[in-house]
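User: Could you take a close look at one strand for me and walk through what pairs with what around it? A word on the nonpolar core would be handy too.

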Amino acid sequence: MSGQSLAMKLLEGAREWAKRLPSPLSGDVAVDVGGKRLRLSHVRVETVVRQLLVKAKNVELRHWEARPELYDIRLSVKGWRVRVETTLERVEFASGRYRLWLRTPGRVELEESRGASSLVMGLLRAGAGRSALRAMAERLLPPGFRWDGQVLQVEGRLPPEGVLSAKLFENASLAMSVEHVEEGLWLGAEAWPGLVDLLQAVFGTELPRTPPGM
């Protein structure tokens, strides 16, 4: 079976499964078979992120607000209180690890020092002193975090247990582009093998392991 046919059958199976979700969850997922993508509600995205960060070292999620065009998030990172307006751009799961690309089109502030934050942001976005500021960011951010003034990259090992555990993607992979809209995040899979595993983990509900017609 071609990759195209497999992708369509996976999405058709996911759409039929979504119709059978319990009513409290039914509004949290939508499947666009023609567009080869699915949408998670902002509430479901927040739930997953909070569960992923429960055991994260040096990172604490203090506040989450979903807006139509981005998320307004407050974090404690290695003792620093940070406010970020961001949204996902790309997600990859493979070999028990994750990689995230988050656009930062809005504010990125150190809440202890708004003046210093404004100076750093201005210099980064203007491209002045980029290498020195990038080196400073590397010292402030925990391992696995990189930020160039436009995109924050986060990578690390998935937790051994929880909503998205390392074992789910030890032998499967999933790469997705992301579009932020008012209703949630549209996920367009570029590599398909882990799609069923992702949905099952996010909703805690069994999916059919074999798409219809296979």
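Analyst: Here's a walk along strand β5 and its partners, followed by the core.

First, the housekeeping: this is a predicted model, where local features need pLDDT of at least 70, side-chain atom pairs count only at pLDDT 80 or more, and totals for chains, interfaces and linings use all residues. Residues are numbered from 1 along each chain as its sequence is written, and side-chain values use heavy atoms, with hydrogens and water left out.

Strands here are DSSP E runs of at least two residues, and helices are H or I runs of at least four, both numbered from the N terminus. Two strands pair if DSSP finds at least two bridges between them.

Now β5 itself, residues 80–94. Strand β4 (residues 71–77) runs antiparallel to β5, joined by seven bridges, and I73 stands opposite V84. The two make a hairpin with two residues between them, and K78 in that turn has a positive phi of about 50°.

V84 also stands opposite V108 in β7; β7 (residues 108–110) pairs with β5 in the antiparallel sense over three bridges.

Next comes β6 (residues 97–103), antiparallel to β5 over seven bridges, with L88 partnered by L102. That's a hairpin with two residues between the strands, and S95 in the turn has a positive phi of about 55°.

Finally, β10 (residues 173–181) is antiparallel to β5 through five bridges, and V91 sits opposite M176.

M176 leads on to the core: it is among the residues with the most contacts inside the largest nonpolar core, which has 45 residues; F93 and L164 are also among them. (A nonpolar core is a set of buried Ala, Val, Leu, Ile, Met, Phe, Trp, Tyr and Cys residues joined through side-chain atoms within 4.5 Å; buried means under 20% relative accessible area with a 1.4 Å probe, protein chains only.) Helix α6 (residues 195–203) supplies the largest share, six residues.

Conventions:
Buried means under 20% relative accessible area, exposed over 50%, partly exposed in between (1.4 Å probe, protein chains only).
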